[in-house]
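Subject: Handover of a structure and notes on what was found

Dear colleague,

Please find below the structure that I am handing over to you. After it, I set out what was found, so that you can follow each point with the coordinates open.

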Amino acid sequence: MSLEVTGIDDLRRKLDAVATAVRRAARREVRAAALRIQAGARRRLHEGGTTDTGRLANSIATEEEASGLDYRVGTNLEYATAIEYGLPPGTRPDVESLTGWVRRKLGIRDPKEARRVAFLIARKIQRHGTDAQPYLHPAAEAERPAFRERFNRAVAEAIREATRG
């Protein structure tokens, strides 16, 4: 007895085409979601009045992982976590860093006065901490439900397109 199976090569080509189309659609949606999270985090910083120079908002970047199916959205600025999560009491910020903020935000031009006010602010932060001003996690959470829907729709469409013909 013998059995002959035909069309295996054609089936492999179609399966490869489906896999390629699904991967392409998934990468596209993951990248788009990362960019929306980035934009949402920047918007939250601006709308929340958290921006001083715009450095933090402008530092939020997206980075594609090797697989193309994972992205990182974040910043490498040291003070970013202090904004996102706040500072606990006992943490004393650098007076020099605060001096520039005092001059820009409070309009104090005299260098000695700006430093004195910065010192007082640093002392208050050390005693009482600061409140969290989340911007990145809320942006990611806001994207989550829509991402799932767009991702599933894109993958389903990719499968339909790849299996036609």
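**Salt bridges**

Arginine 153 and glutamate 149 form a salt bridge, with their closest N and O atoms 2.9 Å apart. Please bear in mind that this is a predicted model. In general, side chains of opposite charge can pair when their charged atoms come close. Both residues belong to helix α6, and because they are four residues apart there, about one helical turn separates them. Arginine 153 has a relative accessible area of 47%, so it is partly exposed, as the class runs from 20% to 50%. Glutamate 149, at 51%, counts as exposed because its value is over 50%.

How many salt bridges does the structure hold? There are 14 salt bridges in it. Two further examples are found in helix α1, and they may be set side by side:

- Arginine 12 and aspartate 9 meet through their side chains, at 3.9 Å from N to O. The two residues are three apart in helix α1, which is about one turn of the helix. Arginine 12 is exposed, with 52% relative accessibility, whereas aspartate 9 is partly exposed, with 48%.
- Lysine 14 and aspartate 10 form a salt bridge at 3.8 Å from N to O. These residues are four apart in helix α1, again about one turn. Lysine 14 is partly exposed at 37% relative accessibility, and aspartate 10 is also partly exposed, at 35%.

**A nonpolar patch on the surface**

Which residues form a nonpolar patch on the surface? The patch consists of Leu3, Val5, Ile8, Leu11 and Leu15, and together these residues have about 520 Å² of accessible area. Leucine 11 is placed in helix α1. With a relative accessible area of 47%, leucine 11 is partly exposed. A residue needs over 30% relative accessible area to be part of a patch, so leucine 11 meets that condition.

**The largest pocket**

The volume of the largest pocket is about 960 Å³. Its lining is made up of 27 residues, and those that lie nearest the centre are Tyr79, Ile83, Ser97, Leu98 and Trp101. Four elements give two or more residues to this lining: α2 (55–59), α3 (80–85), α4 (95–106) and α5 (111–128). Which element gives the most to the lining of the largest pocket? Helix α4 does, with five residues. Sorted by class, the lining of the largest pocket contains 12 nonpolar, eight polar and seven charged residues.

Tyr79, one of the residues nearest the centre of this pocket, can also be compared in position with alanine 66. The C-alpha atoms of alanine 66 and tyrosine 79 are 28 Å apart, while the two residues are separated by 13 residues along the chain. Alanine 66 is found in the loop between β1 (61–64) and β2. Is alanine 66 buried or exposed? Its relative accessibility is 87%, and because this is over 50%, alanine 66 counts as exposed.

**The second largest pocket**

The second largest pocket holds about 410 Å³ of space. It is lined by 16 residues, and Ala33, Ile37, Tyr71, Ala140 and Glu143 are the closest to its centre. The elements that supply two or more residues to this lining are α1 (8–47), β2 (71–74) and α6 (136–163). Helix α6 provides the largest share, seven residues. By class, the lining of the second largest pocket comprises 10 nonpolar residues, one polar residue and five charged residues.

Glutamate 143, one of the residues closest to the centre of the second largest pocket, lies in helix α6. Is glutamate 143 buried or exposed? Glutamate 143 has 8% relative accessibility, and since buried means under 20%, it counts as buried. Where does the chain bring glutamate 143 and isoleucine 37 in relation to each other? They are 106 residues apart along the chain, yet their C-alpha atoms are separated by 6.6 Å. Isoleucine 37 is likewise among the residues closest to the centre of this pocket.

With kind regards,

A colleague

Technical notes: Residues are numbered from 1 along each chain as its sequence is written. This is a predicted model: local features need pLDDT of at least 70, side-chain atom pairs count only at pLDDT 80 or more; totals for chains, interfaces and linings use all residues. Side-chain values use heavy atoms; hydrogens and water are left out. On a 1 Å grid over the protein atoms alone, a cavity is a set of points where a 1.4 Å probe fits but cannot get out, and a pocket is an open set with protein on both sides within 12 Å along at least five of seven lines; lining residues have an atom within 4 Å of a point. Grid points are joined across faces, edges and corners, and a volume is the space filled by probe spheres set on the points. Ala, Val, Leu, Ile, Met, Phe, Trp, Tyr, Cys and Pro count as nonpolar, Asp, Glu, Lys and Arg as charged, and the others, Gly among them, as polar. Patches are made of residues with over 30% relative accessible area and no salt bridge: like charges are joined within 9 Å, nonpolar side chains (Val, Leu, Ile, Met, Phe, Trp, Tyr) within 5 Å. Accessible areas come from the Shrake-Rupley method with a 1.4 Å probe; for residues, only the protein chains shown count as cover. A salt bridge is a side-chain nitrogen of Lys or Arg within 4 Å of a carboxyl oxygen of Asp or Glu. Buried means under 20% relative accessible area, exposed over 50%, partly exposed in between (1.4 Å probe, protein chains only).
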